[in-house]
Amino acid sequence: MSEKLAETAPAPAKGIDIQAQVAVLGAGPGGYTAAFRAADLGLKTVLIERHASLGGVCLNVGCIPSKALLHAAAVINEAAELGPMGVSFGAPAIDLEAMRTGKDRVVKKLTSGLKAMAKQRQVEVVTGTGRFESPNRIAVETGEGTLRVGFDHCIIACGSSPLRIPGLPYEDPRLMDSTGALELRDIPGRMLVIGGGIIGLEMATVYSALGTAIDIVELQPGLIPGCDRDLVKPLEKRLKQRVRNIMLETRVTSIQSRTEGLAARFEGKAAPEGEMLYDRVLVAVGRTPNGKLIGAEAAGVRVDERGFIPADQHMRTNVPHIFAIGDVVGNPMLAHKATHEAKVAAEVIAGLPALFDPLAIPSVAYTDPEIAWMGLTETEAKERGIAYEKGAFPWAASGRALGIGRDEGMTKLLFDPETKRILGAGIVGVNAGELIGEAVLALEMGADMEDIGLSIHPHPTLCETLGLAAEMAEGTITDLVPPRKRK
Ligand code: NAD
C-alpha cells in the first residue's frame with residue numbers, strides 16, 4: 001500500500017514550494033509520532049517545527065530534562081538518608097555547569113535521534129513558524145523567507161504554553177516559567193513556587209535537593225488538586241520536611257522587581273504578613289493551548305474560546321481533512337496521550353480503521369515520593385456516586401519498601417463490586433510511575449481482582465504491592481490481617 005500511496009503524491013501547484021500528502025504542524029511527541037507513522041504508512045510527509053531541534057516541550061524543556069535533574073535530586077536525597085544503614089557521605093559538591101551539560105547531553109541524544117529517524121523515513125523537516133493561509137496551505141516563516149507547504153491532509157500538533165498570571169514583571173529573568181527553571185542558571189537562596197501542581201512540585205523537588213529554601217503557594221486547599229488526598233498525604237508530609245513553607249488556599253497579589261530580589265505579597269489563609277523577598281520565582285499555574293496562534297481561521301478550523309481545537313475520536317477537526325492531536329485538543333496535556341492520538345490521526349488518514357478510545361490515561365507526578373494514578377479515582381467515584389470496592393496495601397508491610405527505607409508509600413486498587421474488574425488505581429511511593437503501567441494493562445485487558453491477586457509477582461519487589469492490594473480487596477491476604485474474610 002505504501003508505494004502506491006507515495007506514487008499518487010501530486011507535484012507542487014503554483015505558489016506552493018512543497019506539496020505533501022500529510023503536513024504536520026509541530027514536532028513535539030504528538031507531531032513527530034504522527035509524521036513518522038504517516039511516513040511509515042507510505043504518505044509523503046512534511047513536518048513543520050519552529051525550533052531547530054525536534055521533540056517539542058517534552059524533550060527540550062519539559063519531561064526529559066526535568067527527569068534528568070530529578071534523578072540527580074533523588075541520588076542526593078538517598079545518599080543523605082543512608083545514615084540508618086551505617087553509611088554517611090559528606091555534603092554534595094555540585095558543579096552546576098556540569099549538571100547543565102549532563103542534562104543537555106540527554107536532551108541532545110534524543111533530539112538528534114529524532115532528526116536521524118526523520119531523515120531515514122524521508123520526512124521533510126521545515127524549520128520555521130507555520131500559519132494556515134487556506135484549508136490546503138501553510139505559510140512557514142523560516143527566517144530566510146516564506147515557504148509555502150501545500151497539503152492534502154494536515155495534523156495540527158501545536159501544543160501548549162505556560163499560563164501566565166497577569167500583572168507580574170515577566171521582563172525580569174528571575175521570574176521564571178518551567179523552561180527558565182530547567183535552565184538551572186544558579187542555585188537560588190530563596191525561591192517561591194507559585195502553583196502546587198505537578199510542575200511546581202517537581203521543580204521544588206529539584207531545587208530543594210540543591211539547597212534552595214522553597215516556599216510553595218497554592219490556590220486550592222491541597223497540593224495536586226484532582227488527585228486523591230490519601231495519595232498526596234505522604235508527599236505533603238515529606239515536602240514539609242524539605243521546603244520552608246507550603247501556603248495553601250493562598251495566592252500572590254503582587255510581585256515587584258527590586259535589585260535585592262523579587263518582593264511578593266500574598267493574600268489568603270496562609271498569607272505571610274507584609275512582603276517576602278525571593279531570589280527567583282517560578283510560575284507553574286497550568287498550561288494554555290496554542291490553538292489561537294496558527295491562523296486556524298484561514299483553514300476554517302474551529303478553535304474554542306480557550307484556544308483548544310476540538311477533535312473527534314478519529315482526531316478529525318470540523319474540517320474533514322484537518323486533524324488535531326495532543327495538548328491543543330484538550331486535557332490531560334500529557335505526552336503519552338499525544339503520541340497515541342498521533343498514531344490514530346496518521347492511520348485514519350492512511351485509511352486504516354483507527355480510533356482513540358483509551359480506558360485510562362495514567363498521570364504521574366515525578367516528585368519524591370512519586371504519585372501515579374489511572375482510571376477512576378476515589379474522589380471521582382464519591383463525587384459521581386459510583387460504587388466500588390477498594391484494596392489498599394500500605395508499603396509499611398512491604399519488605400522491599402522497608403529495605404530501601406521508603407515505607408511511606410501505598411498502593412490502592414478500585415474494583416467494580418459486581419464484576420470485580422479493576423476500575424482505577426493510585427500509587428504513592430518511590431517508582432510509582434513505573435508501577436502504574438501494570439494497572440493500566442490490567443484495566444485495558446479487563447482484569448479482575450482475582451486475575452491481579454493470582455498473577456505471581458516477583459518477591460521482594462514494589463510491584464508485588466499491586467498483587468497484595470488485590471488480595472486486600474479479596475480478603476485473601478496473609479502478609480497483613482485481611483480487612484474482611486473471603487466468602
Ligand atoms: P497543574 O494544573 O498541574 O497545576 C497548577 C497548579 O497551580 C494547580 O494546583 C492550581 O490550583 C494552582 N494555581 C493556579 N493558579 C494559581 C495562583 N494564581 N496562585 C497559586 N496557585 C495557583 O499545572 P502545571 O503544574 O503548571 O502543569 C501544566 C501541565 O503540564 C499539566 O497539564 C500537566 O499535566 C503537564 N505536566 C505533566 C507532567 C507529568 O506528567 N509528570 C509534568 C509537568 C507538566
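In this predicted model, helix H8, which spans residues 229–242, gives the most to the lining of the second largest cavity, with four residues. The whole lining consists of Thr205, Leu235, Arg238, Leu239, Arg242 and Asp368. Sorted by class, these are two nonpolar, one polar and three charged residues. The space they surround has a volume of about 30 Å³. It is one of two cavities of 30 Å³ or more in the structure.

The largest cavity has a volume of about 40 Å³. Strands take part in its lining: S19 (370–375), S21 (410–415) and S22 (422–429) each supply at least two residues. Among the lining residues are Trp373 and Met374, together with Lys412, Leu414, Ala425 and Gly426. Asp228 and Leu231 also belong to this lining, as do Leu376, Thr377 and Glu378. By class, the lining of the largest cavity has six nonpolar, two polar and three charged residues.

Attention now turns to a pocket. The second largest pocket holds about 820 Å³ of space, and 31 residues line it. Those nearest its centre are Ala74, Glu78, Asp368, Arg406 and Val430. Asp368 is a residue to remember here, since it also appears in the lining of the second largest cavity. Three helices, H4 (63–80), H11 (399–403) and H12 (432–444), each supply at least two residues of the pocket lining. The largest share comes from H4, with nine residues. In terms of class, the lining of this pocket divides into 14 nonpolar, eight polar and nine charged residues.

Helix H4 also contains Asn77. Is this residue buried or exposed? Asn77 counts as buried because its relative accessible area is 6%, which is under the 20% cut-off. Its side chain makes a polar contact with the side chain of Arg242, at 3.1 Å. Arg242 is a familiar name by now, being one of the residues that line the second largest cavity.

The ligand has surroundings of its own. Of the 21 residues around the ligand, those that come nearest are Ile199, Glu218, Pro225, Gly286 and Val364. Helix H7 (198–210) and strand S10 (213–218) each supply at least two residues of this shell, and H7 gives the most, with three. By class, the shell has 13 nonpolar, five polar and three charged residues.

Which atoms of the protein lie 2.6 Å, 3.2 Å and 2.9 Å from polar atoms of the ligand? In the side chain of Glu218, an N or O atom is 2.6 Å from an oxygen atom of the ligand. A polar backbone atom of Leu219 is 3.2 Å from a nitrogen atom of the ligand. For Gly286, a backbone N or O atom lies 2.9 Å from an oxygen atom of the ligand. Taken alone, the ligand exposes 840 Å², and the protein buries 78% of that area.

The backbone offers a few further details to look for. Most residues other than glycine have a negative phi, and most peptide bonds are trans. Against this background, two cis peptide bonds can be described. One cis peptide bond joins Asp368 and Pro369, with omega about 0°. Pro369 is placed in the loop between strand S18 (363–365) and S19. Asp368 thus returns once more, having been named among the residues nearest the centre of the second largest pocket. Another cis peptide bond joins Asn331 and Pro332, where omega is about -5°. Pro332 lies in the loop between strand S17 (322–324) and helix H9 (335–349).

Positive phi values are found at Ile224 and Met315, neither of which is a glycine. For Ile224 phi is about 40°, and this residue sits in the loop between S10 and H8. For Met315 phi is about 70°, and its place is in the loop between strand S16 (287–289) and S17. Are these two loop residues buried or exposed? Ile224 is buried, with a relative accessible area of 4%. Met315 likewise counts as buried, because its relative accessibility is 2%, again under 20%.

Technical notes:
Residues numbered from 1 in each chain as written. Predicted model: local features only at pLDDT ≥ 70, side-chain atom pairs only at ≥ 80, totals over all residues. Heavy atoms only, no water. 1 Å grid on protein atoms, 1.4 Å probe; cavity = no way out; pocket = protein on both sides within 12 Å on 5 of 7 lines; lining within 4 Å. Points joined across faces, edges and corners; volume = space filled by probe spheres on them. Nonpolar A, V, L, I, M, F, W, Y, C, P; charged D, E, K, R; others polar. Near = heavy atom within 4 Å. Polar contact = N/O pair within 3.5 Å; in protein donor to acceptor, adjacent residues only side chain to side chain. Areas by Shrake-Rupley, 256 points an atom, 1.4 Å probe, with all protein chains shown as cover. Buried < 20%, exposed > 50% of the residue type's maximum accessible area, 1.4 Å probe, protein only.
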